[in-house]
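Work through the exercises below with the coordinates open, and try each task before turning to its solution.

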Amino acid sequence: MSNNDIYFDQYDYEIDENPYPIMQRMRDEAPVWYNEKYDYWAISRYEDVLKASRDTATFSSSYKTVLELMTDEPHQSSMIINTDPPYHKMLRDIVAPFFTPAKVAQLEDDIRKIVVSYLKPLEGKTEFDFVEDFARWIPMDVVSTILGVPEEDRRQINIWGNELLHRDEGQTEPGEMNIAASEGLDNYFAKFMLEFRNHPNNTVSSAIVNNIVNDNGVDRPLTDAECIDYFHLIGAAGNETVARLLGSAAWLLGAHPKQRKLLAEDPKRLPHAVEELLRFEAPSPTQFRRTLKDIELHGQLIPAGSNVC
Ligand code: HEM
């Protein structure tokens, strides 16, 4: 299903500015759309995306999930985001007990303190940069509290995380800055990991480094490379996404003062508001998979070995 006047391109800043009209047309007119330039299939309807995300036997993450990073062979990375079951479950089970709703709720006081510490210096100011002075640093502090990253190291990790994920307009290959940032994170977390190997405790970081996992019937701890990948992902993944969500929340609530007033009057609406903000302006709007077998969707054959967005 290739519709000639529909064009979506995740590397195009102009489309990225307002992708919604074209996404609407894809959903309505071409729910399976082929991007000839980059040789991938885009599926855009909610139900299709949900099904594909769950069907890991057809749509694999193990060739990586970002188009410009995708590999010819599977399992070139042990980052959980680039893996499929059962290896994925093995990795996930290590951290799952630390991210239950009850455990996350216990973080509330610490998170409140972090937010207040960034709000205090802004008191009385008539103008400030919401992202640079506020939103950018909060997720870094929260993730660092969870992992045990010392305060003095957080700024650099945040900078590496942003440099890792940044793409210039039209940039379809990882550049020097992206690679250097990735190495910076890997080197940092290689040392970070040793701390927990030498001094085990009851934190999620210690579980990643020291827990014994059952890998296909073999009991073993994670290798150094697996630990570094885990920290690298958690250290970088939670930063940009949450900062983007906070930034678009401020912008959207500014643009919709009635909604903002409703929220201010009744904070119980917040959980729904967060869900709606995530839907309305998704911080991470495209994910890729590789098809492991032929699949037919809306009358269109997507061959095995295709990249699907
Ligand atoms: C607004 C906030 C966030 C958004 C929008 C977001 C978005 C996403 C998306 C879309 C994926 C799935 C990618 C795929 O299916 O290929 C993902 C996976 C992941 N994210 Fe986030 N994320 C957020 C916050 C965080 C935070 C705070 C952390 C860490 C503390 C985190 C850690 C991870 C991890 C470890 C995975 C891999 C999970 C797995 O494969 O089972 N994310 N995130």
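The exercises that follow concern a predicted model, and each solution proceeds in steps.

**Exercise 1. A buried threonine**

Task: Determine whether Thr291 is buried or exposed, and find which backbone atoms the side chain of Thr291 reaches.

Solution: Begin with the place of the residue, since Thr291 belongs to strand 6, which covers residues 289-291. Next, take the relative accessible area, which is 1% for Thr291; because buried means under 20%, Thr291 counts as buried. Finally, follow the side chain outward: the backbone oxygen of Pro303 is reached at 2.8 Å, and the backbone nitrogen of Ser306 is likewise reached at 2.8 Å. Both pairs fall within the 3.5 Å cut-off for a polar contact.

**Exercise 2. Backbone geometry in the loops**

Task: Locate the cis peptide bond that involves Pro86, and then examine where His75 and His298 lie and what phi values they have.

Solution: The cis bond joins Pro85 and Pro86, with omega at about 0°. Pro86 is placed in the loop between strand 3 (59-60) and helix 4 (87-95). The loop between strand 3 and helix 4 also holds His75, a residue that is not a glycine and nevertheless has a positive phi of about 60°. With a relative accessible area of 54%, His75 is exposed, because the cut-off for that class is over 50%.

Turning to the second histidine, His298 has a positive phi of about 50°, again although it is not a glycine. His298 sits in the loop that runs between strand 7 (295-297) and strand 8 (300-302). Its relative accessibility is 34%, and His298 is therefore assigned to the partly exposed class, which lies between 20% and 50%.

**Exercise 3. Separation along the chain and in space**

Task: For Pro31 and Arg45, and then for Ile295 and Trp251, set the number of residues along the chain beside the separation of the C-alpha atoms.

Solution: Start with Pro31, which is found in the loop between helix 2 (20-29) and strand 1 (32-35) and is buried at a relative accessible area of 4%. Pro31 and Arg45 are 14 residues apart along the chain, and their C-alpha atoms are separated by 6.3 Å.

Continue with Ile295, a residue of strand 7 whose relative accessible area of 18% places it among buried residues, because the limit is under 20%. Ile295 and Trp251 are 44 residues apart along the chain, and here the C-alpha separation is 40 Å.

**Exercise 4. Two surface patches**

Task: Identify which residues form the negative surface patch and which residues form the nonpolar patch, and describe one member of each.

Solution: The negative patch on the surface consists of Glu14, Asp16, Glu17 and Glu169. As an example from this group, Glu14 lies in helix 1, which comprises residues 13-17, and its relative accessible area of 69% makes Glu14 exposed.

The nonpolar patch is made up of Leu270, Val274 and Leu278, which together present about 210 Å² of accessible area. One of these residues, Leu270, is located in helix 14, spanning residues 270-280. The relative accessibility of Leu270 is 42%, and Leu270 accordingly counts as partly exposed, a value that also satisfies the requirement of over 30% for patch members.

Note on methods:
Residues are numbered from 1 along each chain as its sequence is written. This is a predicted model: local features need pLDDT of at least 70, side-chain atom pairs count only at pLDDT 80 or more; totals for chains, interfaces and linings use all residues. Side-chain values use heavy atoms; hydrogens and water are left out. Patches are made of residues with over 30% relative accessible area and no salt bridge: like charges are joined within 9 Å, nonpolar side chains (Val, Leu, Ile, Met, Phe, Trp, Tyr) within 5 Å. Accessible areas come from the Shrake-Rupley method with a 1.4 Å probe; for residues, only the protein chains shown count as cover. A salt bridge is a side-chain nitrogen of Lys or Arg within 4 Å of a carboxyl oxygen of Asp or Glu. Lys and Arg count as positive and Asp and Glu as negative; His and the chain ends are not counted. The place of a charge is taken as NZ of Lys, CZ of Arg, CG of Asp or CD of Glu. Helices (H or I, at least four residues) and strands (E, at least two) are DSSP runs, numbered from the N terminus. Buried means under 20% relative accessible area, exposed over 50%, partly exposed in between (1.4 Å probe, protein chains only). A polar contact is a pair of N or O atoms within 3.5 Å; within protein, one must be able to donate a hydrogen and the other to accept it, and residues adjacent in sequence count only if both atoms are side-chain atoms.
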